[in-house]
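Subject: Handing over the two-chain model

Dear colleague,

I am passing on to you the structure we spoke about, and I would be glad if you could look through it with the notes below at hand.

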Amino acid sequence: MDNGQECTSGLSSTACDVGAVPAEEIAAICQTFGNDKHRMLDILRAVQDRYHCISPSTMDSVAAETGLTRIQVEGVASFYSFLSLTPKGRVTIRLCDDIVDRYAGLAEVVAVFEEVLGIRMGETSADRAFSLEYTPCIGMCDQAPAAMINDVVLTRLTVDTARAAAEALKAGRTPDHLISERYAELTPHERATRMVDNNIRHAGEVLLGPVPEDAGLDKAAAMMPSLIIAAIEESGLRGCGGAGFTTGHKWRFAAAERAEKRFILCNADEGEPGTFKDRVLLTERPHLLIEGMTIAARAVGANEGILYLRGEYVYLRELLEQVLEDRRRRGLLGKGIHGIRNFDFDVRLQLGAGAYICGEEGALISSCEGLPGEPKTRPPFPVNRGYLGHPTVVNNVETFCHAARILDRGATWFHAMGTEGSHGTKLFSICGDCLNPGIYELPYGHTVREILEMAGGQDAAAVQVGGPSGTMIARDSFHRKLTFDDLATGGAIIVFNGERNILEIVEYYMSFFVHESCGYCTPCRVGNVFLQKAIGKFRKGLANPEDIDYLKELSGTIIETSRCGLGMTSPNPILSTLQNFPLVYSAVTKPNKDRIRDTFDIQSAIDGARKIAKRRSYIFDRDFTQ
Amino acid sequence: MSDLPKARIATASLAGCFGCHMAILDIDERLIDLMQLVDVDRSPLTDKKRFTTRCDIGIIEGGCCNEENVHVLHDFRRNCDVLIALGQCAIMGGLPAMRNAIMHSDAPLRECLEEAYITGKYIRNTTHNVPNDPALPLLLDEVYPCSEVVEIDYQIPGCAPGGDIIFDTLSKLLTGKFRGFEREMIKFD
């Protein structure tokens, strides 16, 4: 690694120079996390926050303190995009590079930041004051374009607001001050809602309507654990993260496993572009979430829980810590909850560091264990052997919230809503080309057309249901229903009008998967790059009809041979558009002339050799000397 | 069969080791049967440097590592009805494509040439120059498999393919009976 050399290249900042971070300071940070190797992500996040870099000597110190090898530490440090092996600025500005943000005017905002700060995207200023970066979807698609300034989120950026923010930062204001002059006096909830609008457009009966506090937990406390599981099973609740596994079964499996310890993990790593429902629940219903986790703990017999919050939602950390502290004080977390002997449960907040793959439950568990966020081989499933080898229930934020409400109002009440096989309500996060982007809590079974009417997206030409790993549908499919059996979604509904270029969207989504593949298995790491290149050919008009077969064949291979859900769904943007927008593809394909491929460009292929030989090509260049 | 007009075959060796052409000779005495069915036009085997007429089948050994390879391949594609990639270099780039692995360099081609002619440990090159005769074709930035430069109709795998598979495939193609390879012929283990 050459990071060490880079650090000593004459810049005066001390943050990252080799040896400049005294080992004692690193040791102190490790000490706050008990020198526990399973808290590696927390340790490295703390180092990154403080020194804006994880230098080679730092990694040595961390390895020494936690009893790991340097390469193990580096494996974690280099995996997460919010951790950096090279020095970053004291203020890191991350602009959300989602397709929705691009269509909302990201390019102009980028230009303003570059101009005012005097650096280009991807660069750090010479005085180490600022770094400017792109980051994939940060869950603010309903208020794009958005940016993270360290831990602060700015939304609905325009040329003017971006200029004001950049100039204020340049003048030495802290990121907090961009939100309010009196930031210090605001409560965590006020801070979160000042930064980010909830945009609740339709509150349903279960989650976003009036919710009595801890009513579900009160009832669960009086029930036998097995009856809690039975109630969840009867309700027909299915996981709300996207896969839709029956929640009751998951809990039953975890409870049935013989084990000394069990864990409840909440997946708040809402990374699917276009999804932002958990953000709203975490802001408005944090107590309901912890209540749901506590009920799950009671049901399966777990004493410890982890709330895995994606790094992009770090602005909610204070709020959630406050909620946890509040519940501990009121005896709703900790030892002997509700005065019941042996009902001990507490929750730890684990922050991610910018990795989409950590939304996959195996990768999420790896990340909680302080490892790089790589999926685990299944089986064993997490309910059998999950976090640190103990039976573990991993559920989505919304699923836990539903569970708490089901315990309060009863399984029958929940079961009666929605359709057969898809019971209850679902939060839909709608964004893109519509008048009212935001959160809609609706029972399962609405058609896409009905939802578009609600959101003011009547001129939609294409709708991406379930984010990039879901399905893109055209107008002729707007009668389809949002249920697990028809169009399944983790919540994302992205609307595109007729002016959007479908292939541009597909190419963006493929670049997203290329960026987010963890790299563990070859079909996903390499295959997605090939798919992205192939789509590039279509975009340039160089594709021929047989390339369509190539796309299908390669997609099939990736889906069949990938190790986890990322690779199994990453070809979906291509496959679903090939199916639903075939004309888009056929319009840009043409047969090769003379069966010679246009994609091979002889001029660019010989350019390097031409420069080395310092002469023209006697075959392919014309002779102008005659 | 003898009343059918003879098929015309052309062959070329691009960025390969000529091993695939030697393998064609491994057809041995069956060559005599084969010659009942075909005339060989442009080919190193006949030493004809140009197409005398349009051919039915073109057989390509080796991938494309320089501009001349591309030129020849284009010529074959324009003058042959069916184009066959023979052997691993033609299909995937093969051994010459190892230079594609010099990736994390600003000037991979320069690095490759310098390693080969100047800085390499066991090089004895008293001129200390990279050869640059006008007769030498310019190298491509990478070694390309034939299918990236032109459309290829059939691929005969192997390094080099055995005489049997070449004879078998050609005779089936000539009699219109080729239906692809048995799995045993193309599996990797």
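What follows is a short account of the sheets, the contact between the chains, the open and closed spaces, and a few backbone details. Please keep in mind throughout that this is a predicted model.

I begin with the sheet in chain B, an open one in which five parallel strands are arranged in the order S2-S1-S3-S5-S7. Its edges are formed by strand S2 (38–40) and strand S7 (154–156) of chain B, each of which pairs on one side only. On average, and with direction ignored, neighbouring strands of this sheet are turned by 30° against each other. Within the sheet, strand S3 (residues 55–61) of chain B runs parallel to strand S5 (residues 80–86) of chain B, and six bridges join the two; one of the residues involved is Ile57(B), whose bridge partner in S5(B) is Val82(B). Helix H3 (residues 67–79) of chain B packs on this sheet, where the helix touches strand S1 (7–13), S3 and S5 of chain B, and its direction makes about 135° with that of S5(B).

Chain A has an open sheet of four strands, again with parallel pairing, in the order S8-S7-S6-S9. Here the edge strands are strand S8 (346–351) and S9 of chain A, each pairing on one side only, and neighbouring strands are turned by 20° against each other on average, direction ignored. Strand S7 (residues 304–309) of chain A pairs with S8(A) over six bridges in the parallel sense, and in S8(A) the bridge partner of Gly305(A) is Val347(A). Helix H16 (residues 317–329) of chain A packs on the sheet and touches S7 and S8 of chain A, with a direction that makes about 170° with that of S8(A).

Turning to the place where the chains meet, 23 residues of chain A are in contact with 27 residues of chain B. Between them the two chains bury about 2,200 Å², of which 59% is on carbon and sulfur atoms. On the chain A side, the residues that lose the most area to chain B are Arg595(A), Phe600(A) and Ile612(A), which together account for 31% of what that side buries.

As for open spaces, the second largest pocket has a volume of about 1,300 Å³. Its lining consists of 46 residues, and those closest to its centre are Gly241(A), Gly242(A), Ala243(A), Gly359(A) and Glu360(A). At least two lining residues each come from helix H13 (247–256), helix H14 (277–284), strand S9 (392–396) and helix H24 (565–569) of chain A. By class, this lining has 15 nonpolar, 21 polar and ten charged residues.

The count of closed cavities of 30 Å³ or more comes to three, and the largest cavity has a volume of about 90 Å³. It is lined by 13 residues, with Arg310(A), Glu312(A), Ala355(A), Tyr356(A) and Glu516(A) nearest its centre.

Finally, some backbone details. The peptide bond from Ala144(A) to Pro145(A) is cis, with omega near -10°, and Pro145(A) lies in the loop between strand S2 (130–135) and strand S3 (147–149) of chain A. In chain B, the peptide bond from Cys159(B) to Ala160(B) is also cis, with omega near -15°, and Ala160(B) is in the loop between S7 and helix H7 (163–174) of chain B.

With kind regards

Technical notes: Residues numbered from 1 in each chain as written. Chains lettered and ligands numbered in written order. Predicted model: local features only at pLDDT ≥ 70, side-chain atom pairs only at ≥ 80, totals over all residues. Heavy atoms only, no water. Pairing = 2+ DSSP bridges. Axes fitted to C-alpha atoms, helices over the stretch in contact; angles between N-to-C directions. Contact = heavy atoms within 4.5 Å. 1 Å grid on protein atoms, 1.4 Å probe; cavity = no way out; pocket = protein on both sides within 12 Å on 5 of 7 lines; lining within 4 Å. Points joined across faces, edges and corners; volume = space filled by probe spheres on them. Nonpolar A, V, L, I, M, F, W, Y, C, P; charged D, E, K, R; others polar. Buried area = accessible area lost by both parts, 1.4 Å probe.
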